[in-house]
Amino acid sequence: MTDVALNPRGRRDYDLLGADGRRAVETGLAAAEWYHTDVPRKQMKELMQRSDGPAIRDTILWLGLLVLFGASGVYFWGTWWCVPFFAAYGVLYGSASDSRWHECGHGTAFRTQWMNRVVYQIACFMIMRNPVTWRWSHARHHTDTIIVGRDPEIAVMRPPDLVRLILGFVGISDVWYAMSDMMRNAAGHLSAAEKSFIPAMEQRKVVRTARIWVAIYAGVIALSIYMQSILPLMLVGLPRLYGAWHMVMCGLLQHGGLADNVTDHRLNSRTVHMNPVSRFIYWNMNYHVEHHMFPMVPYHALPRLHAAIRHDLPAPTPSIWAGYKEMIPAFLRQLRYEDYFIKRELPPTAKPYREDLHVPPMPGAAAAQ
Amino acid sequence: MGRWVTACAIDDVDEEDVIRFDHEGKVYAIYKSPQGEFFATNGVCTHEHAYLSDGLVMGDIIECPKHNGRFDYRTGAARSAPACVDLATFPVRIEGEDVLVEVG
């Protein structure tokens, strides 16, 4: 692993309508052609094949456990015994919904498209992401992964906002923004940034969904007031706070501390070995370099894709713990040097990193060290 | 009236698959349906720059390898977001062992 600190060149502008985004378009960094490991067509076709079986099994397990843990939490409500059940319910609601949203949004989880659409809508509601807005923002995330001013889904901007990062583990900042966006959308308003990546013909759907969600949350809040209990909110809404930690724990590892403004996913994404429970919750998104390089490979085929292309990738991070051990010091260094990032070594069998589209440091900048 | 050019041999494309054909600076996608019929469309997704020949053919649908945009390759019709604009299609005919496409 190599630590890389380029010259500081002023603050990055993450505004989707800002200077860095415009520069990315002008320099060809936006909508660029990205590096891909060579995979024979026959093998890639096999890897991309869709199947309903794994996702039906996993969805029955996911929703079944949600009902079981939720019902147990309600049954034991008022005693300490409800705590472990709500803890498990919260993770399945506030964290597992993230990967279900993601995979069904790609349309790869199920072969049958209506199943992708149904689970996508359910998961979007749980994770509080407008299904229209986030479908388009995620398309942009894959077009311009961690390109400053283009990618709307950069979780850790530079310099990192550590308070916001920590609050993210209990969902506070996410939910605040999600609720604000929902109310604004329900009132019929889309921000200029939203309009920059959501086509005009889709924008009405954003408003319609937001209004439906406001009605649902109003109903749950009304029920809580009527019952004089937060129990209804413990089942709908609050799990997005108390169950978000697993999603954030895994999600930060996707790109945290790695390069930005590059066109090689091996430089800006991280594959991490994880335990089977986390992989179920996260639906194999720990194979994140592989997912970004070939987004149409379903989650259940990612271990096979990893085996097929690992010779061309940096060694996977061996554990979640190891990921944080390399990521936290990187975040701390980025507080002083925005351009600092972790550059992992490639195996001798790999093709060199594609670095030709690195945005060069501004002329005249002082060296950082 | 377009010109007919040879794009590939009929055995160059597997059933329910697609290959890329480049001609005079334009990229085409040549499909063979599960029934063995040939079709041709523009080779680049109408959403963003991605080659459809890297995508997955499922029945009558070609799925873009980048963002899951889907098209009916027989008609070019966009079938699911983020693909919103239809693909251009081109007439195809078979002559002996060759697949010919009428290019514009």
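**View 1. The span of residues 5-101 of chain B.** The C-alpha atoms at the two ends of residues 5-101 of chain B lie 5 Å apart, and the span is 0% helix and 47% strand, where helices (H or I, at least four residues) and strands (E, at least two) are DSSP runs numbered from the N terminus. The UniProt record, in an unreviewed entry, places the feature "domain: Rieske" at these residues of chain B, although such annotations may be inferred rather than shown by experiment. This is a predicted model, in which local features need pLDDT of at least 70 and side-chain atom pairs count only at pLDDT 80 or more, while totals for chains, interfaces and linings use all residues. Residues are numbered from 1 along each chain as its sequence is written, and chains are lettered from A and ligands numbered from 1 in the order in which they are written.

**View 2. The strands of chain B.** Chain B has 0 helices and 11 strands, and its pattern along the sequence is β-β-β-β-β-β-β-β-β-β-β.

**View 3. The interior of chain B.** Of the 104 residues of chain B, 39% count as buried, a term for residues with 20 or more other C-beta atoms, placed from the backbone, within 10 Å of their own.

**View 4. The contact of chain B with chain A.** The contact takes 15 residues from chain A and 12 residues from chain B, two residues being in contact if their C-beta atoms, placed from the backbone, lie within 7 Å. On the side of chain B that touches chain A, the residues divide into 6 nonpolar, 3 polar and 3 charged; Ala, Val, Leu, Ile, Met, Phe, Trp, Tyr, Cys and Pro count as nonpolar, Asp, Glu, Lys and Arg as charged, and the others, Gly among them, as polar.

Key:
Buried ≥ 20, exposed ≤ 12 C-beta atoms within 10 Å, placed from the backbone.
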